[in-house]
Amino acid sequence: MYTLGIDFGTLSARAALFDIRNGSEIASSVYEYPHGVMDEELFGRKLPSGFALQHPGDYADALKYCVSRVISDSGLDAKEIVGVGIDFTACTLIPLKDGIPLCFYEEFKDEPHAYAKLWKHHAAAPYAERFTELAKKRGDGFLDHYSGITSSEWMFPKVMEILDKAPKVYEAADSLMEAGDYMVFLLTGEMKRSICQAGFKASWNIKTGYPSKDFFRELDPRLENVVEEKLKGEISLLDKPAGRVTEKGAALTGLAVGTSVAVSCIDAHSALLASGICDAGKMMLIIGTSGCHIMMNEEERYIPGISGTVKDGFVPGYYICEAGQSCVGDHFDWFVKNCVPMSYAEEARAKGINLHKLLREKAQKLRPGESGLIALDWFNGNRSILNDSELSGMILGYSLRTKPEEIYRALIEATAFGTKVILDAFESGGQMISELYAAGGIASKDPMLMQIYSDVTGKKIYVSDYPQACALGSAIIGSVAAGVFESFSEACRSMAQPCSRVYSPIPENAEPYSRLYEEYKALHDYFGRGGNDVMKRLRELR
């Protein structure tokens, strides 16, 4: 028997088919979103600062292409696929009417707020502040699970923004859905909401549910019934099926009618299962366009700056905690596209490699601290520990001798320092990390970065060579939801892929990185904790 995992990332989607007996990949396929991330304009219309939109049609096209291609390439009968699991970036919010994204309707095709708001849509920051201020004033308590903060990346600030900026969109939408839940709906016709996404991104708690009607009425009278009117759908655990593939779902993808489909999951979380993590104390670093730091525990702990703690939010019976960095691979990519001279591009072409590989080759020859540079990795704001999307990136120490590879390495080191800030917060809060794992495209492809992370954190890091960790994790969820395995631990014993590489700290790098980290923390606190709000003043001026 076989299970299918479908991983929807920021720029592309990928599907992979796995043998249930050993987790081996049978076939896989990738689809790049044609519209990409629309953060500057929407079909010729300039977008305000902080926007990050996507076209929901790209998601449906990716589902159709990837699944049908995998089935075709595998040579299997679709009936041999017993389960499907889906993960998605979150919070990615889509307004729907009659199960159709509003941007598909003629009257809304030019309205930015009718499109999918990607996780890194930060234009909702003022609404996140209002949400947080009211929750603190009322003392309702639900923000205790999120370090007392609501992020502009989450659902309700984006809902508030739609209501305020495009009330006709809000009124027309009969459902506001996470994109992961929407993909499950396309396959099954069932509007089920994932406990993983609702718990981390929509202020939902398994004991108390969503914030109260009184809270929403005080926030805005028009939001009093937002839960009943716009968030229809049962919230479901990940080990239960969301539904089964309908005739429409089968026609779209080539899957067999009746195939079990699991409840959707946040993309980064699914990678835990791929490495066999289904119990407490082990932290997973997801290193891609952004970064996530995820671990499970047997009891709830409130840690300042952590993005959330959700009971049963992943493996039933455990609390799962998440922190993150809003910009990792994104700012490496920014630097390569905007700041590298033509001579480097010509050298890369001559060697038959891309610019990232050329810069890594040059950067790995540098010793820690040799460049005299240090950076703050806030090019897309700070998610953890400061939870402030209005912060911005910085590089300090330039001279006329500064080389591109020195800047590139400083950006990598900045993300490692940001990770150490998060790890220190977890352990200061009593959540000790027994083992550190890493997954994601960058983790599997960049040994230099992983060595720097190990040197900076002072910890061994276990990395799987398998690059499709999220898809494998989703396939494992799909196998449990289909009833093939009774638990995630049983499924992991059969399907998880062992971590074949281990990065250990290099002793001679400890002292220079310790000194650099102290400088990073000084800058972190000065610019991030109110010592100097120049970043926000510059944003206002822009």
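# A tour of the predicted model, strand by strand and ring by ring

Start with strands β17 and β23: they pair in the parallel sense, over five bridges. This is a predicted model. Residue numbers run from 1 along each chain.

**Stop 1: strand β17**

Select β17, residues 282-287. Find Leu285 and look across to β23, where Ala438 stands opposite. Now turn to the other partner. β17 and β18 pair in the antiparallel sense, over four bridges. Here Met284 stands opposite Ile294 of β18. Follow the chain from β17 into β18 and you pass through a hairpin of three residues. In general, strands of a sheet pair through backbone hydrogen bonds, either parallel or antiparallel.

How many of the six residues of β17 are buried? Five of them are, so the strand is largely enclosed by the rest of the structure.

**Stop 2: the whole sheet**

Widen the selection to seven strands. They form an open sheet with the order β19-β20-β18-β17-β23-β24-β25, and the pairing is mixed. Which strands stand at the edges? Colour β19 (308-311) and β25 (501-503). Each has a single partner strand, so one side of each is left without a neighbour in the sheet. Look at the twist as well: neighbouring strands are turned by 25° against each other on average, direction ignored.

Go to the β25 edge. Strand β24 (residues 461-463) joins β25 through three bridges, and the two run antiparallel. Pick out Val463, which stands opposite Arg501 in β25.

**Stop 3: the helix across the sheet**

Select helix α14, residues 404-428. Which strands does α14 lie across? The strands are β17, β18 (291-297), β20 (319-325) and β23 (435-439). Relative to β20, the helix runs at about 150°.

**Stop 4: helix α12**

Next, select residues 342-351, which make up α12. Show the side chains of Tyr344, Ala345 and Ala348: these are the buried residues of the helix. Look down the axis of α12. The buried residues fall within an arc of 100°, so they line one face. An α-helix has 3.6 residues a turn, so residues three or four places apart point the same way.

What do the buried residues of α12 pack against? Show α13 (355-363) and α14 to see their partners. Then rotate to the other side of α12, where Met342, Arg349 and Ala350 are exposed. Just after the helix comes Gly352, with a positive phi of about 70°.

Stay with Tyr344 for a moment. Lys362 lies over the face of its ring, at 5.2 Å from the ring centre.

**Stop 5: strand β11 and its partner**

Move to strand β11, residues 175-178. Are its residues buried or exposed? Ser175 and Met177 on one side are buried, and so are Leu176 and Glu178 on the other, leaving both faces covered. Add strand β8 (residues 93-97), which is joined to β11 by four bridges and runs antiparallel to it. Select Pro95 and find Leu176 of β11 opposite.

**Stop 6: Ala172 and Tyr170**

Now select helix α4, residues 167-172, and find Ala172 in it. Leaving aside neighbours within four places in sequence, Ala172 is in contact with Leu96, Lys97, Leu102 and Phe108. For a sense of scale, draw a distance from Ala172 to Cys265. They are 93 residues apart in sequence and 27 Å apart in space, C-alpha to C-alpha.

Show Tyr170 too. The charged end of Lys230 sits over its ring, 4.7 Å from the centre.

**Stop 7: the aromatic rings**

Finish with the rings. Count ring centres within 6.5 Å of each other as a pair, and the total is 26 aromatic pairs. Select Tyr146 and Trp154. Their ring centres are 5.3 Å apart and the planes stand at 65°, so the pair is edge-to-face. Both residues are buried.

Next, take Phe156 and Tyr210. Here the centres are 6.2 Å apart and the planes are at 85°, so this pair is edge-to-face. Phe156 lies in helix α3 (residues 155-165), while Tyr210 is in the loop between α6 (195-201) and α7 (213-219), so the pair ties together parts that are 54 residues apart in sequence. Phe156 and Tyr210 are both buried.

Last, add Phe131, Phe142, Phe215 and Phe216 to that selection. Ring pairs link these with Phe156 and Tyr210 into a cluster.

Terms used: This is a predicted model: local features need pLDDT of at least 70, side-chain atom pairs count only at pLDDT 80 or more; totals for chains, interfaces and linings use all residues. Side-chain values use heavy atoms; hydrogens and water are left out. Rings of Phe, Tyr and Trp (its six-membered ring) pair if their centres lie within 6.5 Å; planes under 30 degrees apart count as stacked, over 60 as edge-to-face and the rest as tilted. Buried means under 20% relative accessible area, exposed over 50%, partly exposed in between (1.4 Å probe, protein chains only). A charge sits over a ring if NZ of Lys or CZ of Arg is within 6 Å of the ring centre and within 35 degrees of the ring normal. Two strands pair if DSSP finds at least two bridges between them. Axes are lines fitted to C-alpha atoms, for helices over the stretch in contact, and angles run from 0 to 180 degrees between N-to-C directions. Contact means heavy atoms within 4.5 Å. The arc is that of the directions from the helix axis to the C-beta atoms.
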